[in-house]
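The exercises below are to be worked with the sequence and the model at hand. Each task is followed by its solution in steps.

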2 protein chains.
Amino acid sequence: MTRSMPETLARVLGEGTVLTDAASLAARRHDYWMLSHVRDHLGASAPSPACVVRPGGVEDVQATLRFASAAGVPVIPFGLGSGVVGGVVARPDAIVLDMGSMNRTRFVDPVNLQASFDAGKNGLEAEQAVAEEGLTIGHWPQSVGVSSVGGWVATRASGQFSTAYGNIEDIVHTIEAVLPNGELVILGKGPRASAGPDLRHLMLGSEGTLGVITGVTFSLRRAPETRTVSAFQAGGMRAGFEFQREIIQSGWRPPVVRQYDERESLRLDARATACLILMVHEGPAAVVAAETAAVGELAAKMNIPAAPPDIVDHWLEQRNHVPSWEMFLQRGIVLDTVEVSAGWGAIGAIYDDATAALKAIPGCLAGSAHSSHAYRGGLNLYFTFAVQTDEPGAMEAIYLDGWRGIMEATDRHGGGLAHHHGIGRVRRAWLERELSAGGVALLRRLKHALDPAGIMNPGVLLPDA
Amino acid sequence: MTRSMPETLARVLGEGTVLTDAASLAARRHDYWMLSHVRDHLGASAPSPACVVRPGGVEDVQATLRFASAAGVPVIPFGLGSGVVGGVVARPDAIVLDMGSMNRTRFVDPVNLQASFDAGKNGLEAEQAVAEEGLTIGHWPQSVGVSSVGGWVATRASGQFSTAYGNIEDIVHTIEAVLPNGELVILGKGPRASAGPDLRHLMLGSEGTLGVITGVTFSLRRAPETRTVSAFQAGGMRAGFEFQREIIQSGWRPPVVRQYDERESLRLDARATACLILMVHEGPAAVVAAETAAVGELAAKMNIPAAPPDIVDHWLEQRNHVPSWEMFLQRGIVLDTVEVSAGWGAIGAIYDDATAALKAIPGCLAGSAHSSHAYRGGLNLYFTFAVQTDEPGAMEAIYLDGWRGIMEATDRHGGGLAHHHGIGRVRRAWLERELSAGGVALLRRLKHALDPAGIMNPGVLLPDA
């Protein structure tokens with residue numbers, strides 16, 4: 001046999017579906033993970049894959065996985081490339097399965113409030129398709145314009161409006177997926193079921209390691225009757241957390257509740273004097289009025305002054321900006337964002353310890369955080385760190401130092417080590433602290449049951465055995 | 001070796017933990033499944049198990065499963081025995097693991113709104129433990145006084161207040177479980193995670209087939225500031241469904257929304273002239289006022305007249321009554337309740353077809369339904385059927401006819417075949433229609449990965465291979 005693997009695969013799928021030209025391969029070497037960009041910058045780029053498959057439909061995905069299972073070839077699912085934890089890093093023997101070629105709207109159903117899309121559908125285009133019917137998916141990750149609906153499911157994503165509308169697992173109705181052996185499964189049927197374990201959760205958060213998501217049906221909402229905004233500034237992060245806790249535990253659910261530390265508040269608006277807290281209120285007009293009034297009363301009672309509400313309008317306008325890493329790297333700046341979660345009782349200590357660890361890194365320009373998703377029992381923190389160095393060779397170590405500081409501070413106080421970006425490669429070493437050794441062993445058993453040949457996105461999610 | 005299996009196990013666990021007296025064994029032969037009671041009534045009772053284990057703690061559960069895995073002995077987890085689909089039917093070679101002996105409150109945390117219990121804790125006692133702190137679990141199955149918190153998780157239960165507060169999967173924070181090999185796992189950490197598949201969902205709905213739930217931590221709510229009720233009566237079921245759809249899709253979330261057909265409405269209150277719709281509104285006073293007003297306006301717009309609100313008060317008082325089957329069986333009456341779900345577009349046809357199928361059974365006294373859990377995309381239906389016969393030998397066939405009528409009508413219109421009671425034994429034959437063949441194969445693969453010896457509750461959930 002002198003035929004190469006891509007040539008053999010092209011015989012199965014058809015020529016146009018399997019790309020092997022250098023530009024197509026190079027464009028899918030990795031996603032938006034900072035460390036991949038650091039390596040590109042340093043000339044130590046990830047290799048190109050053996051080929052890129054652009055499936056025309058579910059059958060092409062099935063044929064690819066059947067072929068790969070039989071041949072023992074690694075398959076790396078690729079959505080629209082917006083992942084930030086290293087879920088996609090190519091290798092020379094692998095097939096990159098580029099789901100961006102499957103991007104149809106399948107249906108929008110305004111009676112049952114559902115809309116169904118191919119997994120590669122762009123998130124913003126999906127939202128626009130339902131908005132035409134006066135509906136909303138209600139899932140607004142910062143990456144909404146550059147991420148796919150299948151990627152949302154694979155990474156267990158969260159949107160900016162999650163505090164009222166839930167995270168992706170609360171919005172997904174049905175998941176269509178191809179298992180590593182090529183079987184097609186459709187998971188999720190009625191509005192709710194008690195029919196064994198909810199198998200959708202095998203795909204939610206699977207990060208390409210248990211199968212390929214090919215279609216997603218969402219449970220929609222009608223566009224809200226009213227939207228209004230409010231803004232406050234707390235004297236410190238802990239005072240703000242207590243304000244948030246009181247709002248949420250009193251039963252209010254502003255879709256957006258964000259609290260910025262002093263550094264991030266000043267960057268957001270020069271008028272800030274302390275920790276800005278921004279809210280968006282949506283829903284029936286009477287509820288929005290009641291919520292806005294109640295939040296104002298709580299603020300007065302807790303001595304939290306109001307801030308100019310146009311800060312929220314400004315945030316709403318620029319919230320989905322995705323920066324280019326290269327601009328920073330050229331100035332010797334390594335940076336990233338890291339999200340964790342914790343109960344109300346622990347979040348203040350995690351904020352203090354993690355920002356202190358970041359600021360202790362030599363060359364630290366910024367170690368800051370905001371919260372963006374609140375729950376009855378706690379909330380998330382979204383850290384940003386930026387460190388400048390004149391030694392390019394130190395960039396990778398500096399990057400990992402930043403991560404380590406945040407992970408260790410969170411773990412020390414019992415927090416959750418990954419709120420909504422996933423595990424990918426960057427958090428693999430911490431998975432055991434998140435799930436415990438027993439949890440990792442259980443996940444490994446699932447992986448082996450579904451993917452005994454280990455072809456699906458090797459190197460992601462699970463630590464090496 | 002002349003030592004019996006229970007004697008050997010008693011050497012491992014200690015004498016007091018392993019019961020073999022006839023009364024203890026007989027009391028745990030089965031749960032509240034109607035067909036087990038039919039069989040008792042006809043003198044064809046399920047056999048007693050080999051022994052009953054009453055674990056004193058997690059270590060006893062681990063030792064029991066290690067022993068059973070090594071010896072290939074079936075283990076049947078038993079909560080408080082309120083299951084209604086045949087999740088517990090003993091066999092002479094099995095260990096019944098009676099979790100009712102593990103019933104401590106572990107902690108109540110009013111800051112992070114969590115409470116943690118041993119799995120065998122009685123549901124009402126758990127609710128009372130948190131009510132003392134002004135909190136609520138918010139999970140009110142009809143069986144709340146006779147079911148365990150671990151049973152809620154194992155069956156994916158729903159409570160009467162689910163439309164606002166969610167089903168059990170929305171209320172559970174952490175699940176502690178022992179896997180068939182004896183490993184202890186603690187699943188669920190932060191308020192929300194993106195750290196691989198949510199492993200809690202392996203236990204939610206597992207019905208004792210994948211492990212034993214030993215502890216449950218809930219995410220609580222503060223007791224609501226206000227409660228009020230409202231009642232309406234729609235001219236027919238479809239008009240009522242449209243009213244409900246409009247309420248829910250407009251963004252209102254009364255914790256309780258129940259709609260009864262004409263027969264059940266009359267049984268509920270003799271003043272009913274059509275299909276009663278009962279609601280309970282809870283939350284901040286301003287929201288409750290807004291919701292009540294909005295629902296009233298929608299009713300007026302849709303020509304749905306009000307009904308006396310004291311019907312709701314009466315329902316609230318008697319809602320957790322659990323009848324004795326024997327009283328009916330002595331009169332030759334076979335009866336059961338069956339819950340399904342569907343999108344708004346299909347629910348009317350399912351109601352019509354299923355009740356028609358029930359009424360076609362010779363001797364049918366009642367074939368009726370109400371809805372009790374509403375979602376953005378659809379709702380559930382809770383059927384009741386009662387058939388009288390003077391041939392005791394026909395009871396089992398009549399029972400299965402009732403189930404078949406409802407399952408087939410639901411399946412024909414694409415509905416979900418199990419809303420909140422589980423699969424157990426009675427729905428096993430329909431699991432493939434619910435999950436598709438691929439879904440059942442996937443579930444079977446999970447089962448084999450976790451329980452390769454097949455010791456956990458054999459005969460439940462999965463159809464025989």
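**Exercise 1.** In this predicted model, state in which element Q62(A) is found, and decide whether Q62(A) is buried or exposed.

*Solution.* Step 1: Q62(A) belongs to helix α4 of chain A, residues 58-71. Step 2: the relative accessible area of Q62(A) is 14%. Buried means under 20%, so Q62(A) is buried. Step 3: with residues up to four places away in sequence not counted, Q62(A) touches V178(A), G182(A), E183(A) and L184(A). Step 4: for one of these contacts, E183(A), the separation from Q62(A) is 121 residues in sequence, while the C-alpha atoms are 6.8 Å apart.

**Exercise 2.** Describe the surroundings of T214(A), and give its strand.

*Solution.* Step 1: strand β10 of chain A, residues 212-219, contains T214(A). Step 2: T214(A) has a relative accessible area of 0% and is therefore buried. Step 3: residues up to four places away in sequence are not counted; T214(A) then touches V58(A), V61(A), M99(A), M102(A), R106(A), F117(A), D118(A), A119(A), E176(A), A177(A), V178(A) and L184(A). Step 4: compare this with Exercise 1. V178(A) and L184(A) are among the residues that T214(A) touches, and Q62(A) touches V178(A) and L184(A) too.

**Exercise 3.** Which residues does H37(B) contact, leaving aside its neighbours within four places in sequence?

*Solution.* Step 1: locate H37(B) in helix α3 of chain B, residues 34-41. Step 2: the contacts of H37(B) are H30(B), D31(B), Y32(B), W325(B) and L329(B). Step 3: for W325(B), 288 residues from H37(B) along the chain, the C-alpha separation is 7.1 Å.

**Exercise 4.** For G43(B) and Q114(B), decide from the relative accessible area whether each is buried or exposed.

*Solution.* Step 1: G43(B) is in the loop between α3 and β2 (51-53) of chain B. Its relative accessible area is 64%; exposed means over 50%, so G43(B) is exposed. Step 2: between G43(B) and L266(B) there are 36 Å from C-alpha to C-alpha, at 223 residues apart in sequence. Step 3: Q114(B) is part of strand β6 of chain B, residues 114-118. At 14% relative accessibility, Q114(B) is buried. Step 4: apart from neighbours within four places in sequence, Q114(B) is in contact with F107(B), V108(B), D109(B), H173(B), T217(B), F218(B) and L220(B). Step 5: L80(B) lies 34 residues from Q114(B) in sequence, and the C-alpha distance is 23 Å.

**Exercise 5.** What are the phi values of S436(A) and R156(B), and where do these residues lie?

*Solution.* Step 1: S436(A), a residue other than glycine, has a positive phi near 75°. Helix α17 of chain A, residues 431-450, holds S436(A). At 31% relative accessibility, S436(A) is partly exposed. Step 2: R156(B), also other than glycine, has a positive phi near 55°. R156(B) is in the loop between α6 (149-155) and α7 (162-165) of chain B. Its relative accessibility is 3%, so R156(B) counts as buried.

**Exercise 6.** How many residues of each chain are in contact across the interface, and how much area do chain A and chain B bury between them?

*Solution.* Step 1: 84 residues of chain A contact 84 residues of chain B. Step 2: about 6500 Å² is buried between the two chains, with 54% of it on carbon and sulfur atoms. Step 3: of the area that chain A buries against chain B, 14% comes from K189(A), R192(A) and R376(A), more than from any other three residues.

**Exercise 7.** What volume does the largest cavity have, and which residues line it?

*Solution.* Step 1: there is one cavity of 30 Å³ or more. Step 2: the volume of the largest cavity is about 70 Å³. Step 3: the lining consists of P197(A), D198(A), L199(A), H201(A), L202(A) and L446(A), together with P197(B), D198(B), L199(B), H201(B), L202(B) and L446(B). Step 4: two or more lining residues come from each of α9 (200-203) of chain A and α9 (200-203) of chain B. Step 5: by class, the lining has eight nonpolar, two polar and two charged residues.

**Exercise 8.** How many disulfides does the structure hold?

*Solution.* Step 1: over all chains, the number of disulfides is zero. Step 2: for the cysteines C51(A) and C51(B), read the accessibility. C51(A) is at 0% relative accessibility and so counts as buried; C51(B), with a relative accessible area of 0%, is buried.

Key
Residues are numbered from 1 along each chain as its sequence is written. Chains are lettered from A and ligands numbered from 1 in the order in which they are written. This is a predicted model: local features need pLDDT of at least 70, side-chain atom pairs count only at pLDDT 80 or more; totals for chains, interfaces and linings use all residues. Side-chain values use heavy atoms; hydrogens and water are left out. On a 1 Å grid over the protein atoms alone, a cavity is a set of points where a 1.4 Å probe fits but cannot get out, and a pocket is an open set with protein on both sides within 12 Å along at least five of seven lines; lining residues have an atom within 4 Å of a point. Grid points are joined across faces, edges and corners, and a volume is the space filled by probe spheres set on the points. Helices (H or I, at least four residues) and strands (E, at least two) are DSSP runs, numbered from the N terminus. Ala, Val, Leu, Ile, Met, Phe, Trp, Tyr, Cys and Pro count as nonpolar, Asp, Glu, Lys and Arg as charged, and the others, Gly among them, as polar. A disulfide is a pair of cysteine sulfur atoms within 2.5 Å. Buried means under 20% relative accessible area, exposed over 50%, partly exposed in between (1.4 Å probe, protein chains only). Contact means heavy atoms within 4.5 Å. Buried area is the accessible area (1.4 Å probe) that two parts lose on being put together, summed over both.
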